[in-house]
Amino acid sequence: MSSALRVVVVGAGFGGIAAAIELRDHGFTDVTVLEASPEGLGGTWLANTYPGAACDVPSHLYSYSYAQRRDWSRLCSPQAEILDYARGVAEAHGVDRLVVPGAEVTSCAWDDDARRWRVEAADGRAWEADAIVLATGQLHRPAIPALPGADDFAGHVFHSARWDHALDLRDRRVAVIGTGASAVQLVPEIAPLVGKLVIFQRTGNWFMPRRNRPYPGWWKRVVRHVPGVQALRRRFVYHYTESLTLMIRHPRTLGLIGRALSTTFMRSQLRHHPELRERVWPDYTFGCKRILFSSAFLPALARDNVELVTDGIARVEPRGIVDERGVRHDVDTIIYATGFKTTSFMFPMEVTGAGGVSLEAAWAGGASAHLGMTVPGFPSMFIMYGPNTNTSGGSIIVYLEAQARYLRQALERVRAAGGRGAAIEVRPDVAAASDAELQARFAGTAWVGCDSWYRDGEGRIVTNWPGYMREYEAAVATLDDAEFRVLAPAPSAGLERVGEGGRDPVA
Ligand code: NAP
């Protein structure tokens, strides 16, 4: 019997890939990555294929530090290029072979006696694991508002993250509901194609410029051939994005600079459309919601075939949408760009820890995890992109890499304690104290200045990290043994494989 710790990673997006690479690079040979999508790895970059889908974080930073590319096509790469990158990195590190596609995990249950996890998929397959890494992210389950009459709509309906590529939008009358980061990217792409576009905005946004043209050849040659340019560029983008956090953390001082820059930009974009300008203007603190980078969205609103509706939606009828002023907008297609169920994290997956306590029950007072990763009562369970680890300006990949290094250190402790059947668990007092400290850091920042998808139903901010990227990296750089309890191997740990575990991990 192999004594290698068996690790099951759930989710093959950037987080799951980072975890698999880190673990394999440090001698954890038994790693399986379960991925719900039948198409395999890629995560959000597999799901979001809407026209114009791109990362609004520059690729020099939105990439693994150990897999830097010198041939990005533009500042913010399009979806296909990012997906290609993710696949390439996974292949280069040999972790693509660890991915089990089409394995939609429905439950993870901790067995107190055997000290291991049982992971089950929707199709009945099951895996046993000494440790689990839940890398399902925050932005994977589309949120579609329950609008009255929506079921009776006679036309085409889809969410931005489930784009219907079979539908030819040319000359159609299209409604886009929502004006967040996804809408801002897709609207300028479809506006010239469609017959009519009606955009339903609930809240205006703060914009910053972003043209995102393809890099000219000379610049690509400089990045490729001049030593240090790539690294310098990454460093620059890192600090630039940290400056956004600086403004968000200090809304009454430095935030006013951001607000002034955004104001100047938005005014210049809509200088000939004062009425439109008034209607898109945000009524909340700069940085409270995600700052949107686009030089194409506001001008698209001024097109003749585009209408911006700022009245709420009263109901949907078979052939259109009626706003709260009673005006009916005739459309034959509705695109929900209404975001994701961010605060549900891995749910509706059932996660049951020590003593049969469910994670949902443990989080009854709001989701929280020590440094976003570990939860008391859930031994050898690690969350990636978990509670309070979202970034409002930086690159989530910086966080994911840091998390991969941290959870690898935790599993090294388990390996040292005897390997299979041993486990590691964060101390409840440590988790409670770090949560209290983290929540206190939101006071006085822009994040508390409005309602947003960063908050749960009770208003607690559960998605975002309240500080800088560098602070998070520093906080998780070295696992503090005093914060954890290591459980020695259970005497009763029988270690048979449960059920059909898909393909065997590559040794
Ligand atoms: P989002 O930012 O949550 O935006 C959803 C939009 O739908 C908002 O404008 C929201 O209005 C609106 N909405 C929700 N329910 C509504 C309702 N019942 N009636 C009318 N409007 C409604 O979602 P997203 O645009 O998909 O972006 C989600 C996150 O994904 C982003 O914040 C970002 O982190 C990530 N993302 C990143 C990129 C990238 O380039 N890196 C691109 C796309 C998305 P309110 O503002 O009033 O709630």
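Me: What makes the pairing of G339 with the ligand a polar contact?
Reply: Distance and atom type. A polar backbone atom of G339 is 3.5 Å from an oxygen atom of the ligand. A polar contact is a pair of N or O atoms within 3.5 Å; within protein, one must be able to donate a hydrogen and the other to accept it, and residues adjacent in sequence count only if both atoms are side-chain atoms. The G339 pair therefore qualifies. S182 also qualifies, with a side-chain N or O atom 2.6 Å from a ligand oxygen. So does A337, through a backbone N or O atom at 3.3 Å.

Me: What kind of model do these values come from?
Reply: The model is predicted: local features need pLDDT of at least 70, side-chain atom pairs count only at pLDDT 80 or more, and totals for chains, interfaces and linings use all residues. Residues are numbered from 1 along each chain as its sequence is written, and side-chain values use heavy atoms, without hydrogens and water.

Me: How do you know which residues are around the ligand?
Reply: A residue is near if one of its heavy atoms lies within 4 Å. There are 22 residues around the ligand, and A54, D56, S182, T203 and K289 come nearest. Helix α4 (residues 181–190) gives the most to this shell, 3 residues. Helices here are DSSP runs (H or I, at least four residues), and strands are runs of E of at least two, numbered from the N terminus.

Me: Why is the ligand said to lie between two domains?
Reply: Domain 1 (6–141 + 341–487) and domain 2 (150–206 + 252–336) both give residues to the shell, so the ligand lies between them. The bounds come from an automatic or database domain assignment.

Me: Why is E242 called buried?
Reply: Its relative accessible area is 7%. Buried means under 20%, exposed over 50%, partly exposed in between (1.4 Å probe, protein chains only). E242 therefore counts as buried. E242 sits in helix α6 (residues 229–249). A polar atom of the E242 side chain lies 3.1 Å from the backbone nitrogen of R470.

Me: Are D171 and S380 buried or exposed?
Reply: D171 has 65% relative accessible area, so it is exposed. S380 has 1%, so it is buried. D171 lies in the loop between β8 (156–159) and β9 (173–177), and its phi is near 65°, positive in a residue other than glycine. S380 is in the loop between α10 (359–362) and β19 (381–383). Its phi is also positive, about 50°, although it is not a glycine.
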